[in-house]
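Student: Could we go through the labels used for this model, one at a time?
Tutor: Gladly, have a look at it before we start.

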Amino acid sequence: MADITVTEHLLLHQKQSPHATGMFTGLLYDLILSGKTISRRINKAGLLDILGGTGEVNVQGENIQKLDEIANRIMIYRMERCGALCAMSSEEEAELIRVRDDFPRGDYILVFDPLDGSSNIDVNINVGTIFSILRRPEGHKGEVTLEEILQPGVKQVAAGYILYGPSTMLVFSTGQGVHGFTLDPGVGEFLLSHPDMRVPKQGHIYSVNEGYWKNWNTATREVIEWFHNCTTPKGGSYSARYVGSLVADFHRTLIYGGIYMYPADANKPDGKLRLMCEASPLAFLAEQAGGKASDGSRRILERVPDKLHARTPLFIGSADDVTAVETIYAKHAR
Ligand code: AHG
Ligand code: MN
Ligand code: MN
């Protein structure tokens with residue numbers, strides 16, 4: 001495969017995707033630069049005193065890891081200067097971030113999880129950055145309001161993630177399919193390695209933290225038992241895989257198929273994952289790749305967030321596997 005860079009790939013697709021304008025290409029360029037900067041810090045984390053926790057708790061009530069904060073600062077610093085944004089929302093920031101007037105601004109809105117899989121940082125397991133790109137609603141001027149940000153996932157103009165693992169990969173979509181790029185550290189460029197990624201219609205892997213079994217309701221237990229007993233297209237049983245980093249579990253699901261599940265439970269009535277910076281961007285990718293993403297009964301992309309850090313249960317991956325989940329929940333809802 002010829003060495004196609006992200007920029008060349010965007011230009012190749014420029015005519016189809018209306019959002020692949022120069023402004024958007026500039027936004028993506030700075031997102032990529034942020035990802036490379038975060039990747040470099042992660043790769044050296046064991047050698048610098050940046051592992052472990054900061055001792056603080058974030059708006060999510062979760063311990064902030066030093067690399068969470070470092071990744072968050074890198075993203076905010078880089079992206080508020082990119083000239084394409086009017087506002088941002090970070091998983092690590094309680095409030096909406098409005099781009100200051102003294103910076104060049106545009107009409108895009110960036111929502112991101114600067115570092116996903118924080119609990120895995122100190123044990124050198126894959127972590128990632130997830131991003132979602134919205135447009136400011138037409139005709140709105142002046143200070144950006146929260147209502148302008150709280151848009152359903154169907155409004156995303158682009159979404160993607162950077163996965164920091166054995167190789168650093170960028171996977172994103174602008175609505176023209178899903179494309180994966182692998183960082184060639186030698187040249188410092190992300191090169192096209194996975195063109196037009198498609199989720200298999202049914203998979204052979206289910207991914208869920210079964211440690212929550214005692215907190216799940218009857219319907220959810222039936223969903224999990226479905227994957228204990230159902231057979232794969234080749235007639236075998238499903239395997240269980242759970243990395244504990246959503247980006248890594250999703251990336252494997254995107255390539256191998258199957259399903260990633262984070263259900264609601266007795267302690268987390270709306271689940272743990274954030275609708276705007278985790279579920280929606282990955283749901284956009286899943287659907288662009290021919291898969292599905294649901295909260296158990298509704299399409300994730302149609303969920304309108306009621307607040308910036310709204311949470312949602314998430315069932316995402318192969319269309320047939322997600323449909324099986326919805327069928328079980330629908331039976332219990334009757
Ligand atoms: P984050 O590190 O951004 O808070 O995300 C962690 C999420 C997700 O990456 C992962 O799948 C899930 O939390 C793991 O949660 P459990 O430890 O409850 O399984
Ligand atoms: Mn996360
Ligand atoms: Mn995070």
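Tutor: What follows is a short talk about metal donors, burial and backbone angles. This is a predicted model, where local features need pLDDT of at least 70, side-chain atom pairs count only at pLDDT 80 or more, and totals for chains, interfaces and linings use all residues. Residues are numbered from 1 along each chain as its sequence is written, chains are lettered from A and ligands numbered from 1 in the order in which they are written, and side-chain values use heavy atoms, with hydrogens and water left out.

Student: What makes Asp113, Asp116 and Glu278 donors of the manganese ion (ligand 2)?
Tutor: Donors are N, O and S atoms within 2.8 Å of the metal (3.2 Å for Na, K and Ca); water is not among the atoms, so sites may look incomplete. Asp113 (OD), Asp116 (OD) and Glu278 (OE) coordinate this ion at 1.9 to 2.2 Å, so they meet the cut-off. Asp113 sits in strand β5 (residues 108-116) and Glu278 in helix α7 (residues 275-288), 165 residues apart. Helices (H or I, at least four residues) and strands (E, at least two) are DSSP runs, numbered from the N terminus.

Student: Why is Asp113 called buried?
Tutor: Buried means under 20% relative accessible area, exposed over 50%, partly exposed in between (1.4 Å probe, protein chains only). Asp113 has 0%, so it counts as buried.

Student: Why is Asn124 called exposed?
Tutor: Its relative accessible area is 73%, so Asn124 is exposed. Asn124 lies in the loop between β5 and β6 (127-135).

Student: And why does Asp196 count as partly exposed?
Tutor: Asp196 has 44% relative accessibility, so it falls in the partly exposed class.
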